[in-house]
Amino acid sequence: MNKLSELAVFGRLLNDALQLPVFIIHPGRKIESEYANRALHASPYFASIRDQLAGYAYALYAAEQPVHFTRSRLQYFFVNALDEDRLAGTLVVGPYLHETPRDSEAMNQLHASNRKQLLDLYEAVPLVAPERARAVSLMIYYAIRRKIVDPSANLLADGVLLQEPVVKKQEPDAELSRSRRSGMLHANLSHERVMLHYVRTGDRERIKTFVMESIIGEDELGVLAKRSRLRSEKNLMITGIALICRSAIEGGMHEEDAFTLSDFYIQQLEEKDTLQAVNAVIMEALFDFVDRVAEVRRGHYSPAVQDCLHEIANHLYGDITLDQLAERTNLSPNYLSSLFKKEVGLSISEHVQRERIEEAKRLLTLTDYPITDIAAWLNFNDQSYFNKVFKKWKGMTPKAYRQSERRPVQSHSELSRT
């Protein structure tokens, strides 16, 4: 099987027989054919997955075995087909999962506007046990290459594969259309705002979860240097460090310290000559700024109050009572209430109310969820009371705030038809 047309026929038969997503990739880094179920096609992440799969440098992997890799918990493997020692095309199987993601604390910490879409994506992909995925990949490799792989061989990619997905940019109108079809806004503004919020609050655990769960393709961030992928990535990361720096200052970090640290990491970026090294620097910078903000914020409050603030931030969508917080901190309710008011300047109930309104602001700006649903999720069971409290903190009604602040987004019904 050494022709692209033969590979496409084989891919269709595989999909019919195994019900696994199959992509046939042209050596020119474009998708020749694809076979996936409707639910996967409907996901707003599907366009990003397609672009990523089309852009990888498969030609670097003329390995004598199938290659398995993972991207944002999703599993894939690929086999290169050769025609007289030249790459004829690549068959990619995936995405699939080894196990159903649990409704864990890590998943619950995802921003509300992204959590459901990510869970829907996970539900749309098939479950394949690791042993079966390995066996299927070996069978496909034999069918394509007519060679048997050593049963003890390590089939996992070594990390180089995912470093340089290249996606061709089209004419402006075509590029805008592609972005709209993907359901993901350019620069992924909602992700950016959520990440910077975690920087401002010094929340390392949520930043860790945010980075782990991110599934947005690199190309969604934009291209700032067409002649060099490395230069483009450096430019994007320099912009990112500047935003992180300013968010850290807003979170309480001293300006001079923040700007000095920003200069240091930008200089580190400029010295790197691979995308992998650039990505390592931005991750180091992100967690360094978050840890420094957390350290500053810890210095402002006693351990008990800091614990309360963390607990409140993590349970805005659940019940938060003074008795629960007192039990957690091993303090009497009266003493904890007095200590919290002294250090924070607000009572516990006022702080909870303010934080829930801040969360409501994010949902109003970044999603098209009905205001009644947002109010109910945040434990404002009476719509008129929610309006009253929101106006108290923000000086306008939720409806007026949404109209003044939000950017146009696709509705959920539109996303489901994508």
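# Exercises on a predicted model

V305 is buried, at a relative accessible area of 0%. The coordinates come from a predicted model. Each exercise below is followed by its solution.

## Exercise 1. The setting of V305

Place V305 in the fold and list its contacts beyond four places in sequence.

**Solution.**
- Step 1: find the element. V305 sits in helix 13.
- Step 2: classify the exposure. Buried means under 20% relative accessible area. V305 has 0%, so V305 counts as buried.
- Step 3: collect the contacts. With neighbours within four places set aside, V305 is in contact with L339, F340, E343 and V344.
- Step 4: take one pair distance. From V305 to I348 the C-alpha separation is 9.9 Å, with their positions 43 residues apart in sequence.

## Exercise 2. A network at helix 13

Which residues are linked with E311 in a network of salt bridges?

**Solution.**
- Step 1: name the members. The network links D307, E311 and R328.
- Step 2: take the pair R328 and E311. Their side chains form a salt bridge, at 3.2 Å from N to O. The criterion is a side-chain nitrogen of Lys or Arg within 4 Å of a carboxyl oxygen of Asp or Glu.
- Step 3: locate both ends. R328 is in helix 14 (residues 322–329) and E311 in helix 13 (residues 303–314), so this pair ties together parts 17 residues apart in sequence.
- Step 4: check exposure. R328 has 42% relative accessibility and counts as partly exposed. E311 has 19% and counts as buried.

## Exercise 3. Two further salt bridges

Determine how many salt bridges the whole structure holds, then examine E250 with R200 and R354 with E355.

**Solution.**
- Step 1: take the total. The search of the whole structure gives 10 salt bridges.
- Step 2: examine E250 and R200. Their side chains meet in a salt bridge of 3.4 Å, N to O. E250 belongs to helix 10 and R200 to helix 8 (residues 189–201), so the pair ties together parts 50 residues apart in sequence.
- Step 3: classify these two. E250 is exposed, at 56% relative accessibility. R200 is partly exposed, at 26%.
- Step 4: examine R354 and E355. The closest N and O atoms of this salt bridge are 3.7 Å apart. R354 is partly exposed, with a relative accessible area of 30%.

Why can such pairs form? Side chains of opposite charge can pair when their charged atoms come close.

## Exercise 4. From I238 to a charged patch

Describe the surroundings of I238, then find the surface patch that includes D257.

**Solution.**
- Step 1: place I238. I238 lies in helix 10 (residues 229–250). Its relative accessible area is 22%, so I238 is partly exposed.
- Step 2: list the contacts. Not counting residues up to four places away in sequence, I238 touches R231, I266, L269 and E270.
- Step 3: take the distance to one of them. The C-alpha atoms of I238 and L269 are 7.9 Å apart, while the residues are 31 apart along the chain.
- Step 4: turn to D257. D257 is in helix 11 (residues 255–271). At 46% relative accessibility, D257 is partly exposed.
- Step 5: assemble the patch. E255, E256, D257 and D263 form a patch of negative charge on the surface.

## Exercise 5. Backbone checks

Find where the backbone has a cis peptide bond, then inspect phi for Q19 and N379.

**Solution.**
- Step 1: recall the usual case. Most residues other than glycine have a negative phi, and most peptide bonds are trans.
- Step 2: find the cis bond. G94 and P95 are joined by a cis peptide bond, with omega about 10°. P95 is in strand 5 (residues 86–96).
- Step 3: inspect Q19. Its phi is near 55°, a positive value. Q19 lies in the loop between helix 1 (4–18) and strand 1 (22–26). Q19 is exposed, at 55% relative accessibility.
- Step 4: inspect N379. Its phi is near 70°, also positive. N379 lies in the loop between helix 17 (371–377) and helix 18 (383–394). N379 is partly exposed, at 28%.

## Exercise 6. The chain as a whole

How many helices and strands does the protein chain have, and what share of its residues is buried?

**Solution.**
- Step 1: count the elements. The protein chain has 20 helices and five strands.
- Step 2: read the burial. Of its 418 residues, 47% count as buried.
- Step 3: read the contact range. Among contacts between residues at least 6 apart in sequence, 67% join residues at least 24 apart.
- Step 4: read the surface. The accessible surface is about 21,300 Å², and 51% of this belongs to carbon and sulfur atoms.

Key: Residues numbered from 1 in each chain as written. Predicted model: local features only at pLDDT ≥ 70, side-chain atom pairs only at ≥ 80, totals over all residues. Heavy atoms only, no water. Helix = DSSP H or I, 4+ residues; strand = E, 2+ residues; numbered from the N terminus. Buried < 20%, exposed > 50% of the residue type's maximum accessible area, 1.4 Å probe, protein only. Contact = heavy atoms within 4.5 Å. Patch = residues over 30% accessible without salt bridge, like charges linked within 9 Å, V, L, I, M, F, W, Y side chains within 5 Å. Areas by Shrake-Rupley, 256 points an atom, 1.4 Å probe, with all protein chains shown as cover. Lys, Arg positive; Asp, Glu negative; His and termini not counted. Charge placed at Lys NZ, Arg CZ, Asp CG, Glu CD.
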